[in-house]
Amino acid sequence: MVVLNTGTCFADASNFAEDVAFLRRHTPVVVLESGSAAVAIAPAYQGRVMTSTCDQDAGPGFGWINRPVVERGVLSQAERKGRLEEHIHIFGGEERFWLGPEGGQFGIFFPPGSKFEFSHWRTPAAIDTEAFELVESTPQHVLFRHHCRLENFSGTRFDVGIERAVRILDAESIADRLHTALPPGVRGVGYETDNRIINEGDAAWNQETGLLSIWLLGMYNPSPGTTVVIPFIEGEQAERGPVVNDTYFGKVPADHLSIADGVLFFRGDGTRRGKIGVAAQRSKGVAGSFDAQGGVLTLVGYNVQEAPHGFVNSMWELQEAPYSGDVINSYNDGSPAPGEPPLGPFYELETSSPAAALQPGEAMRHVQWTLHLEGAGSLLDPIARQVLGVGIEKIASALGERGK
């Protein structure tokens with residue numbers, strides 16, 4: 001029998017107020033508020049949500065923050081040589097704006113003529129080191145804009161306009177997404193981001209030379225009892241394709257991934273590197289996780305929309321099907337090679353927009369909402385059943401009893 005926490009967060013959880021104070025010593029931070037709930041955003045880090053909380057005075061922060069990298073800041077080109085920052089500045093944050101695809105003949109993380117190896121992998125500056133302009137701010141809402149030029153592996157150039165809005169959700173908006181009000185004894189924080197990319201060039205973006213997509217990734221604090229939950233549409237593989245792509249970084253072992261009754265369960269403990277993906281034909285438009293130690297249910301949803309040009313494929317290879325990528329992903333951090341430390345550790349929930357075949361001046365929109373709910377397992381259970389299609393006890397026991 002898995003022992004579920006009654007709602008007290010695990011002892012080593014970071015404190016939101018301390019996290020915000022730390023961030024403000026190194027970069028500007030905007031805090032949105034709704035009652036006691038709060039969301040902290042860093043404009044210099046592409047308007048990313050760094051962390052959030054149900055109680056901004058004494059509650060934990062749900063976003064993983066990489067303090068050493070934040071302290072170092074953005075390194076110069078000379079300083080980056082030979083360091084991880086040569087490839088990416090991992091500031092952390094529970095929702096960051098990225099663009100896809102990562103790898104493949106149309107990938108934007110590999111220069112033309114390079115190899116699909118880590119030594120050649122570079123995060124574009126527009127989604128790594130360049131600050132987004134804060135153009136509008138209220139206590140509940142912020143709006144950012146940015147303009148950049150990108151080049152993919154095939155040499156296609158893109159002039160891209162970016163708009164990103166973040167708003168904190170009030171109790172009524174949270175209830176709308178859950179289709180029920182939070183019961184007494186459950187605290188929550190939620191936010192929604194509205195993201196757009198605009199073709200600011202003179203030529204249309206087309207499949208033959210490569211397309212872009214909006215890619216949102218959230219880094220969260222792991223725990224031994226954290227399980228990622230992704231419900232999927234059942235059906236024959238011939239009709240809907242594979243249930244899951246579990247070979248991004250090698251095959252995910254059975255003790256880290258389980259499939260039962262239309263639900264994927266994946267470890268978010270930060271101890272073993274692995275990634276899974278679910279295609280649009282299988283997605284129900286939502287994913288989540290449950291931390292059995294902290295008593296925290298996290299839910300992530302996005303605007304499901306038509307995808308006439310498919311979804312970009314980020315696999316690190318020349319691809320036979322560059323528009324057969326995933327719409328939902330989850331990553332569990334861990335050592336990338338024997339004897340090497342993990343990047344975090346952290347775990348991620350990710351969603352992507354369809355591939356953006358845009359005429360000059362046209363835009364692609366991708367909206368994502370994130371909720372963190374704290375409470376006893378018995379109180380969170382009906383919410384998990386309603387949104388994810390599976391109860392708390394089943395989530396906590398699906399991959400063993402590490403949350404015990």
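Here are some questions and answers about the strands, aromatic pairs and cavities of this predicted model.

User: Which strands sit at the edges of the open sheet of five strands?

Analyst: Let's read along the sheet: the order is β4-β9-β17-β16-β13, with antiparallel pairing. In general, strands of a sheet pair through backbone hydrogen bonds. An edge strand here pairs on one side only, and that fits the two ends of the order: β4 (96-100) and β13 (274-278).

User: Which residue in β16 stands opposite Lys275?

Analyst: Start with the strands: β13 and β16 (residues 328-332) run antiparallel and share five bridges. Across from Lys275, in β16, you'll find Tyr331.

User: Is Tyr331 buried or exposed?

Analyst: The cut-off for buried is under 20% relative accessible area. Tyr331 comes in at 7%, so the label is buried.

User: What kind of aromatic pair do Tyr220 and Tyr347 form?

Analyst: Tyr220 is in strand β9 and Tyr347 in strand β17, 127 residues apart along the chain. Their rings are 5.4 Å centre to centre, with 40° between the planes. Planes under 30 degrees apart would count as stacked and over 60 as edge-to-face, so this pair gets the remaining label, tilted.

User: And what kind of pair do Phe249 and Tyr331 form?

Analyst: This one also links distant parts of the chain, with Phe249 in the loop between α5 and β11 and Tyr331 in strand β16. The ring centres are 5.9 Å apart and the planes make an angle of 75°. An angle over 60 degrees has its own name, so the pair is edge-to-face.

User: How does Phe249 count: buried, partly exposed or exposed?

Analyst: Buried needs under 20% relative accessible area, and exposed needs over 50%. Phe249 has 33%, so the residue falls in between and counts as partly exposed.

User: Which residue takes a positive phi in the hairpin of β6 and β7?

Analyst: β6 and β7 run antiparallel, joined by eleven bridges. Their hairpin has five residues between the strands. The one with a positive phi, near 90°, is Gly155.

User: How are the residues lining the second largest cavity divided into nonpolar, polar and charged?

Analyst: That cavity holds about 120 Å³ of space. There are 14 lining residues, and among those nearest the centre are Asp326 and Asn329. Sorted by type, the lining has four nonpolar, eight polar and two charged.

How values were computed:
Residues numbered from 1 in each chain as written. Predicted model: local features only at pLDDT ≥ 70, side-chain atom pairs only at ≥ 80, totals over all residues. Heavy atoms only, no water. Pairing = 2+ DSSP bridges. Helix = DSSP H or I, 4+ residues; strand = E, 2+ residues; numbered from the N terminus. 1 Å grid on protein atoms, 1.4 Å probe; cavity = no way out; pocket = protein on both sides within 12 Å on 5 of 7 lines; lining within 4 Å. Points joined across faces, edges and corners; volume = space filled by probe spheres on them. Nonpolar A, V, L, I, M, F, W, Y, C, P; charged D, E, K, R; others polar. Phe/Tyr/Trp six-rings, centres within 6.5 Å; stacked < 30°, edge-to-face > 60°. Buried < 20%, exposed > 50% of the residue type's maximum accessible area, 1.4 Å probe, protein only.
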